Structure formats: C-alpha cells, structure tokens
Amino acid sequence: MKTPGLKLVSCKKNKGGLIRSLILLLSFQYKYCRVSGQSMIPLLKEGDIVLYKPLRTINQKRSVFEGSIVIVIDPLNKSDLIIKRVKEKNHKGINIIGENTNISIDSRHFGLISYEYIYGLAQEVIKNPFQ
C-alpha cells in the first residue's frame, strides 16, 4: 500500500535528503521517534527514525486521511506512543492497523481511536543507519 506524503531517506544513499530532514528537525517543525517492534514491517523496521509533524489542534487531527502513517497515544498504555496506518476514519475517530497484521496490536484489539489521541503525522523515515 502506498503511503501518501511519506518519504524514505537512506543515510547511505541520499545525504541531501538526510540533511534536509535534520534541518527540519532542528528547526522544531518536526519531532522524531525511533521504531521499536515489528508491527509495521516491511514499511518501518526496528531502529528506523520517523520524523513527524505534531498535530496540536482538533482540526489538524481531523485532517489525517486514510493511508496516512500516524503517531498516536497508545490506548492500552497512555505513557507510550505507537505508529500505525490509518485504515478508516469517521466523525468519531480513526481505525488504525499495523502493516504486519499477524503481530500488530491495533484497532482490531482496542477499537476506534479518538482524534484527541493523535499525536502526529509521519513525514519522513530515516532508515536505520546501523543495518
């Protein structure tokens, strides 16, 4: 499945893209998180760094679209963030799903995610430079 708006950056092959990503990060336009786990394989792998745009207002949060990769507050452990794909959305919230459906814990387990739980929208992925 294509991921609209998501760019993959390889440290080894695309130094210009990496520099652009670092500038956006340092300018505080983006935040970052590191992928842990295997629920988003093959798109995201352990150690990848996801740059995301924080979504602060409810209107920004409602603007996510199906197919987007979002960072949300984990409804099962509110002190953690999780990264998943938006499968469906409606006026109450979004259904999210992992790419690796055999092991992903997602909306199939905990149901609809309220828009208030959306933390950010993935913009770029820096592939794990140590692999």
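## Reading a predicted model, starting from Ile-96

Mentor: Welcome! Let's begin with one residue: leaving aside residues up to four places away in sequence, Ile-96 touches Val-70, Val-72, Ile-82, Lys-84, Arg-85, Val-86, Lys-87, Asp-106, Ser-107, Phe-110 and Ile-113. Keep in mind that this is a predicted model.

Trainee: Where is the place of Ile-96 in the secondary structure?

Mentor: Look at strand 6, residues 93–97; Ile-96 is in that strand.

Trainee: Is Ile-96 buried or not, and why does it count that way?

Mentor: The idea is to compare relative accessibility with a cut-off: buried means under 20%. Ile-96 has 1% relative accessibility, so it counts as buried.

Trainee: How far apart are Ile-96 and Lys-84, in sequence and in space?

Mentor: Along the sequence, 12 residues separate them, and their C-alpha atoms are 5.8 Å apart in space.

Trainee: Val-70 was among the residues that Ile-96 touches. What stands opposite Val-70 in strand 5?

Mentor: Lys-84 does. Val-70 also has a partner in strand 8, where it stands opposite Leu-121.

Trainee: How do the strands themselves pair there, and over how many bridges?

Mentor: Strand 4 pairs with strand 5 in the antiparallel sense, over five bridges. Strand 4 also pairs with strand 8 (residues 118–126), again antiparallel, over three bridges.

Trainee: How many residues of strand 4 are buried?

Mentor: Four of the five residues in strand 4 (residues 69–73) are buried, and the strand is mostly covered.

Trainee: Now the whole chain, please. Which elements does it have, and in what order do they run?

Mentor: There are three helices and eight strands. Starting at the N terminus, the order is β-α-β-β-α-β-β-β-α-β-β. Of the chain's 131 residues, 44% count as buried.

Trainee: What share of the contacts joins residues 24 or more positions apart?

Mentor: Among contacts with a separation of 6 or more, such pairs account for 56%.

Trainee: And how do I read the accessible surface of the chain?

Mentor: Read the total, then the share by atom kind: it comes to about 7,700 Å², with 55% belonging to carbon and sulfur atoms.

Trainee: Last one: what lines the largest pocket?

Mentor: That pocket has a volume of about 310 Å³. Its lining holds 16 residues, and Ser-36, Ser-39, Leu-81, Ile-82 and Ile-83 lie nearest the centre. Strand 2 (31–34) and strand 5 (81–89) are the elements that give two or more residues to the lining. Strand 5 gives the most, with four. By class, the lining has 10 nonpolar, three polar and three charged residues.

How values were computed. Residues numbered from 1 in each chain as written. Predicted model: local features only at pLDDT ≥ 70, side-chain atom pairs only at ≥ 80, totals over all residues. Heavy atoms only, no water. 1 Å grid on protein atoms, 1.4 Å probe; cavity = no way out; pocket = protein on both sides within 12 Å on 5 of 7 lines; lining within 4 Å. Points joined across faces, edges and corners; volume = space filled by probe spheres on them. Nonpolar A, V, L, I, M, F, W, Y, C, P; charged D, E, K, R; others polar. Buried < 20%, exposed > 50% of the residue type's maximum accessible area, 1.4 Å probe, protein only. Contact = heavy atoms within 4.5 Å. Areas by Shrake-Rupley, 256 points an atom, 1.4 Å probe, with all protein chains shown as cover. Pairing = 2+ DSSP bridges.
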